[in-house]
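Me: Got a minute to go through a structure with me? I'll put it up here.

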Amino acid sequence: MKKNWWKILGVLLLLYTILAGMLVPLKPGITRINPNRAAAGESVTISINGYNTHFAQGNEGIRAWLKLDDRRSLEANNIFVENDGLMHATFALPQNLPSTDKVIPMSLIVDNSIDGASVLPDAVFISQSQIDSVQGARLMPPRPIDGLNSFEGMTFPYRNILVESIRNMYFHVPLWFGMILIFALAVYYNWRYLQSGDANADLKGLSLIRVGVLYGILGLATGALWARFTWGQYWSWDVKQNMSAVAMLIYLAYFVLRGAMDDREKQARLSAVYSIFAFAALIPLLFVIPRLTDSLHPGNGGNPGFGGDDLDNTMRMVFYPAIIGWTLFGLWIAQLFYRKDRLLEKLYEN
Amino acid sequence: MKKYYFFLLFWIIGITEALADSGAYNEMMYSSGKIYVVLGVILIMFVGIIAYLIYLDRKLTKLENQINYDD
């Protein structure tokens, strides 16, 4: 029992990941509005659909704004709440806007006492026929939005395209993090084998690569499903998708290499060297090349790391334990394979 | 036996594609804030890990049989 504490820890962390990852609600947000375009000078009534919102319950003090920039915004002069998920806000748009553009995007902000403030960026496009930014600045004087409520309680961020599928951050992403940690440990054992010629180190490396490849293939499959309902298709030929598939093929060739040789010692030595080179190729494939071009994955295309609304502090409280949990779970499976292989080896020795 | 696993895989993909054509699959996956995408991801991982454990189980059975022959 004492020896197996890390298996128990891994399972407990996974249990926590699944419970917290599935049960913590999403922050209230705006799903869609109608109409999303209007002309300057008219009075427009916008229907606002909310997700997890409490428009009716938080009816007192419900407010809405169309925000132009950091200083200028327009407050709704009339709000009609239909139910918790649907409200209508009427805005009297001024004749001119303080801008020289013909079409100006404005963000929508809704605030009530229960949900706090929700923002839909570039929600409404206002077109103006005559451009007079000086007159517009007079009609829309700088007025800060103040007295916004904040949501109480633990939530995951609301992201418009992801919605609930943001929870895949605790299942799809830790598979890849776990895979990299497991492959790195395999490199350590391969190195140990090359130094000492210890057959057990070779078997440990083999088992770890087995589990790493399992995680990688599961990562590709789960990523494809997530992509189908986020980016529109299973395989978007996104650079990170392609490069991780290439990395998986490199690691699959490891098994081909092992199978191609009969001499046990030669097999172990060559595959150890191959695994070290495969890991050296894995890092640029996953972390360097996707950053050099445009990628659909967050944290790529010149924008280092993910953070902000993709991974806030509440998500980190589940995300990091998820990585440790999935890694320990993978190590457990690897250990079972290793014990099987060692038994087999013992059997043939005698 | 391995051949049949491949057939099973293609069969599952085929069924999924047929469902996708019917529109009911799309409708379900996009409903309730795409929570079914998360369910699908968890199911893929569950099935993948279980399949791996079955593979290990069969290898161990083979090993046990070999030990029994030696006795």
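Me: Which residues of α6(A) are buried?
Reply: The buried ones in α6(A) are A:A268, A:S271, A:A272, A:S275, A:A278, A:F279, A:L282, A:L285 and A:P290. Buried means 20 or more other C-beta atoms within 10 Å of a residue's own, exposed means 12 or fewer, and partly exposed is in between, with C-beta atoms placed from the backbone. Helices (H or I, at least four residues) and strands (E, at least two) are DSSP runs, numbered from the N terminus. This is a predicted model: local features need pLDDT of at least 70, side-chain atom pairs count only at pLDDT 80 or more, and totals for chains, interfaces and linings use all residues. Residues are numbered from 1 along each chain as its sequence is written, and chains are lettered from A and ligands numbered from 1 in the order in which they are written.

Me: What covers those buried residues of α6(A)?
Reply: The cover includes α3 (172-196), α4 and α5 (239-259) of chain A. Contact here means C-beta atoms, placed from the backbone, within 7 Å.

Me: Where is the kink in α6(A) centred?
Reply: On A:L285, with a kink of about 35°. The bend is the angle between axes fitted to the seven residues ending at a residue and the seven starting there.

Me: Switching topic: how many residues does each chain put into the contact?
Reply: Chain A puts in 22 residues and chain B 21 residues. On the chain A side, α7(A) gives the most, with seven residues.

Me: And A:S107, where is that found?
Reply: In strand β8 (residues 103-112) of chain A. A:S107 counts as partly exposed because it has 16 C-beta neighbours inside 10 Å.

Methods: Two residues are in contact if their C-beta atoms, placed from the backbone, lie within 7 Å.
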